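Got your viewer open? Get ready to click through a few selections, one stop at a time.

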Amino acid sequence: MSWGFLRDLLSGVNKYSTGIGRIWVAVVFIFRLLVYIAVAENIWKYELDEFECNVKQPGCENVCFDHFFPVSHIRLWALQLIMVSTPSLLVVFHVAYRENREKHHNRKLYRSLGEIDGGLLCTYLISLVLKTGFEIVFLFLFYKLYNGFKVPRLVKCDIRPCPNTVDCYISKPTEKMIFLYFLVATSGLCIVLNLSELSYLIFKYSIKCYLKSYVKKHQ
Amino acid sequence: MDWGALHTILGGVNKHSTSIGKIWLTVLFIFRIMILVVAAERVWGDEQDDFVCNTLQPGCKNVCYDHFFPISHIRLWALQLIFVSTPALLVAMHVAYRRHEKKRQFRKGDQKCEYKDIEEIRKQRFHIEGTLWWTYTSSIFFRLVFEAVFMYAFYFMYDGFRMPRLMKCNAWPCPNTVDCFVSRPTEKTVFTIFMIAVSSICILLNVAELCYLLTKFFLRRSKKAGNPKHHPNHENKEETKQNEMNELISDSCQNTVIGFSS
């Protein structure tokens, strides 16, 4: 069980997406998942070992690290990737439900199983809203937990058992900051893609509805 | 999910590339991605642990390391490879869009559609002409831009491509100027020069492919202008044969780009 599972999940979703949805899947795969696994994980790999405080007091480093990093950047990033990919499952479930219904009734109930209309449209719109919501929540969490997206070189810590205020040094702060900004940029891009897809679908189906009611009126 | 997934995605693009494009893809996978994963990552694996400074001052090593390596070589290469591979997706998307349109035509029972079944549409390889030519050429242009930008970033950040053995550091909290020693500097220099060399080869291949496409475009235009009664079938048959030969020679992987060609 690993990221390959997420990849398979998203490949399945790709089939039932609009064009913008497919671009979103490509961005998530390549600029977020691949960068996370191939690049970012290694930067944060030894973050605790390389966190150094100017003190010999046992336990002080551990306590200070825990105080400044309640949840590590990299874990928050992984959680964000998982939560943001999951709403797409709603669409997959809905299509499977449609398939089951057709099997149960033994006849064709829908013009095309994967066509985004009716109930599936609502599910798709809900999944878009949830995805956008999760992105914004995680960006806000990052901002709140770490006072912005900067990673300082030095933090001052005076929690017991540290004897006084002690200087603690974070490893690779510049590299971590660069990748945090990269994360924010790709999150922002995904939010923009989700919002455009939302507007596109709402616009398309409003026009469809309007035309239908116009044709009915004039019949 | 790793570089293998990128390999699967780009393998589908291979079918619609020119022969130079196929060579470029092979060079990318064998001489860059594989070298990165199999060799370079090991060389840079212990870079901070074995970065040693001649001081007992806690924190000095961390700060000096961060000062001299704002972003590690290995991370920069990985990013470069990801960015350089991405424009090929534009081509994949365009091909998927064309296939989708042809399938729609086929389903509507359009008389103009010359395919016998859906399978034929799925397997068909599109020639690089019309709007696909523009997409393909833009993707090569973006590749060139990304390669150049990353090469320049490398040169700018590390003052050339050599990895020094010793660096002098006096960032706070280091008490005075302190000697810091980089681990495996010669091996790192060798790999850096190798990656730069392969990057340059890729740039040359991209430039050659761009020139080839432009030449083909202008030749086709002048032929059309000069000889309006030319036989498109004959030309297409020759191109198809050449493409088939190229495919046999080069590494043409699985047919499916993830979801793109379904």
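Before we start, one term: a polar contact is a pair of N or O atoms within 3.5 Å, where, within protein, one must be able to donate a hydrogen and the other to accept it. Keep in mind too that this is a predicted model.

**Stop 1: a serine in a loop.** Select A:S171, which sits in the loop between β3 and α7 of chain A. Now add A:E50: the side chains of A:S171 and A:E50 are joined by a polar contact of 3.1 Å. Is A:S171 buried or exposed? A:S171 counts as buried because its relative accessible area is 1%, and the cut-off for buried is under 20%. To see what surrounds A:S171, show A:E47, A:E50, A:K176, B:Q48 and B:N62, which A:S171 touches once residues up to four places away in sequence are set aside. Two of those names begin with B, so the next stop is the interface.**Stop 2: where the chains meet.** Color the two chains separately and look between them. Here 37 residues of chain A are in contact with 35 residues of chain B. Together the two chains bury about 3200 Å², with 66% of it on carbon and sulfur atoms. Across this interface, the rule finds two salt bridges. For one of them, select B:R75 and A:E175: their closest N and O atoms are 2.8 Å apart. Eight residue pairs are also in polar contact across the interface of chain A and chain B.

Which elements of chain A supply at least two residues each to the side that touches chain B? Highlight α1 (3–14), α2 (19–43), β1 (52–53), β3 (166–169) and α7 (173–217). Of these, α2(A) gives the most, with 14 residues. By type, the chain A side divides into 21 nonpolar, seven polar and nine charged residues.

**Stop 3: the nonpolar cores.** In soluble globular proteins, nonpolar side chains tend to be buried together. The largest nonpolar core in this model has 106 residues. Select the ones with the most contacts inside it: A:F51, A:W77, A:F179, B:W3, B:L36, B:F51 and B:F69. The largest share of this core comes from α2(A), with 17 residues.

Zoom in on A:F179. Leaving aside neighbours within four places in sequence, A:F179 is in contact with A:V35, A:V39, A:I43, A:W44 and A:W77 in chain A, and with B:I71, B:R75 and B:L79 in chain B. You have met B:R75 already, as the salt-bridge partner of A:E175.

For a last selection, try B:V95, B:W133, B:Y136 and B:L210. They are among the 14 residues of another core, which lies apart from the largest one.

Key. Residues are numbered from 1 along each chain as its sequence is written. Chains are lettered from A and ligands numbered from 1 in the order in which they are written. This is a predicted model: local features need pLDDT of at least 70, side-chain atom pairs count only at pLDDT 80 or more; totals for chains, interfaces and linings use all residues. Side-chain values use heavy atoms; hydrogens and water are left out. Contact means heavy atoms within 4.5 Å. Buried area is the accessible area (1.4 Å probe) that two parts lose on being put together, summed over both. A salt bridge is a side-chain nitrogen of Lys or Arg within 4 Å of a carboxyl oxygen of Asp or Glu. Helices (H or I, at least four residues) and strands (E, at least two) are DSSP runs, numbered from the N terminus. Ala, Val, Leu, Ile, Met, Phe, Trp, Tyr, Cys and Pro count as nonpolar, Asp, Glu, Lys and Arg as charged, and the others, Gly among them, as polar. A nonpolar core is a set of buried Ala, Val, Leu, Ile, Met, Phe, Trp, Tyr and Cys residues joined through side-chain atoms within 4.5 Å. Buried means under 20% relative accessible area, exposed over 50%, partly exposed in between (1.4 Å probe, protein chains only).
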